Amino acid sequence: MLIGKPPDIPSSEITPLHDYREYLNRRRFLKKAAAAGAAALAAGAVVSPRAAFADTKLQTVSSPLTTTGEDLTSFQDITHYNNFYEFGPDKTSPSQNAGALPTRPWKVKIEGKVNKPQVFDIDQLLKLRPLEDRVYRFRCVEAWSMVVPWVGYSLSELIKLCDPQPSAKFVQFVSYFDWGVEKWANESQVAWPYVEGLRMDEAMNPLTLLTFGLYGQVLPNQDGAPVRIIVPWKYGFKSAKSIVKIKFVDKMPDTTWNELAPSEYGFYSNVNPNVDHPRWSQKTERRIGLPFYQQRRTTLMFNGYTDQVASMYTGMDLKKNF
């Protein structure tokens, strides 16, 4: 069984962030000095320290839905090896550029086939339920992976509050987009804003996490601040970042990567080592942060969450519905 109760250890004791305090303080000093020397530049040209570090603590509780027996990926790697194409195509670009993302004020609009459409302020969402520490494996379609200590609560808690209508079969997520802020977005061919979607039962699965932080702190900008979802049994691109709208619909919604390359990125995008990407194998993955000789490992079906999610796909051809 891969899911179980976590060790009785506070996140403040398991986090390796103390290893980076000296670095963090030096970085802040350099950023302030650079900002002072570049006062004539436009405000968006100066990258906030928050782009790489989030230093606001969150009050959290332990969750029985956490993954045990895995070594955590370091905060340094989680925040410096990212896919966030709005801030550049390279893995290091988001940590360099995402300081431009304005995370306050922040609203999330709920609309579509719900009986209680509404708009939530980010601080309302933070207080809606106790925030839980949940360690999840995170598997990218590019065949690399991490183990991340996320902070949030089940998306189902928010969905129940909005009271979806019986005709609501899918949920679509829309990410923040502003050409004035995400000026690096023209380096890709994506049709913005970024959109993703889940079937209703997938969205209601307890593992699907409405996510506000990692390592016990608010999300760094490049990791999807101030709110994203994490769907641990699917490839990482299904976990929409910087969400501004959640829409309930009766038909399968458009999703960014499925629209861009439907032969490579299916709607479901469950981690399935038996379905290769057209340009590489998915049978193995590379764990970020480990020595090179330890990185390569076998990819697990549903990213190791088979017991919790496989029943949702009974009778489906998971090679056809990839």
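**Exercise 1. The sheet**

In what order do the 5 strands of the open sheet stand, and what pairing does the sheet have?

Solution.
- Start with the source. The model is predicted.
- Read the order across the sheet. It runs β5-β4-β13-β8-β9, and the pairing is mixed.
- Take the edges next. Strands β5 (118–121) and β9 (195–199) each pair on one side only, which makes them the edge strands.
- Add the twist. From one strand to the next it averages 20°.

**Exercise 2. One strand pair and its helix**

Find the sense in which β4 and β5 pair, then identify the helix that packs on the sheet.

Solution.
- Locate β4. It covers residues 107–112.
- Determine the sense. β4 and β5 are antiparallel, with 4 bridges.
- Fix the register with one residue. K109 has V119 of β5 opposite.
- Now place the helix. α6 (residues 155–162) packs on the sheet.
- List its strand contacts. α6 touches β4, β5, β8 (170–175) and β13 (243–249).
- Finish with the angle. The directions of α6 and β5 make about 140°.

**Exercise 3. Two loop residues**

Decide for N221 and for P166: buried or exposed?

Solution.
- Place N221. Its loop lies between β11 (217–218) and β12 (228–230).
- Apply the cut-off. Buried means under 20% relative accessible area. N221 has 2%, so N221 is buried.
- Check the partners of the N221 side chain. One of its polar atoms lies 2.8 Å from the backbone oxygen of A98. The side chain also reaches the backbone oxygen of L101, at 3.3 Å.
- Turn to P166. This residue sits in the loop between α6 and β8.
- Apply the other cut-off. Exposed means over 50%. P166 has a relative accessible area of 74%, so P166 is exposed.
- Relate P166 to D250. In sequence they are 84 residues apart. In space, their C-alpha atoms are 9.0 Å apart.

**Exercise 4. The whole protein**

Summarise the protein by secondary structure, burial, contacts and surface.

Solution.
- Count the elements. There are 10 helices and 15 strands.
- Get the burial. The protein has 322 residues, and 53% of them count as buried.
- Sort the contacts. Consider those between residues at least 6 apart in sequence. Of these, 73% join residues at least 24 apart.
- Close with the surface. About 14,600 Å² is exposed, and carbon and sulfur atoms supply 53% of that area.

Terms used
Residues numbered from 1 in each chain as written. Predicted model: local features only at pLDDT ≥ 70, side-chain atom pairs only at ≥ 80, totals over all residues. Heavy atoms only, no water. Helix = DSSP H or I, 4+ residues; strand = E, 2+ residues; numbered from the N terminus. Buried < 20%, exposed > 50% of the residue type's maximum accessible area, 1.4 Å probe, protein only. Contact = heavy atoms within 4.5 Å. Areas by Shrake-Rupley, 256 points an atom, 1.4 Å probe, with all protein chains shown as cover. Pairing = 2+ DSSP bridges. Axes fitted to C-alpha atoms, helices over the stretch in contact; angles between N-to-C directions. Polar contact = N/O pair within 3.5 Å; in protein donor to acceptor, adjacent residues only side chain to side chain.
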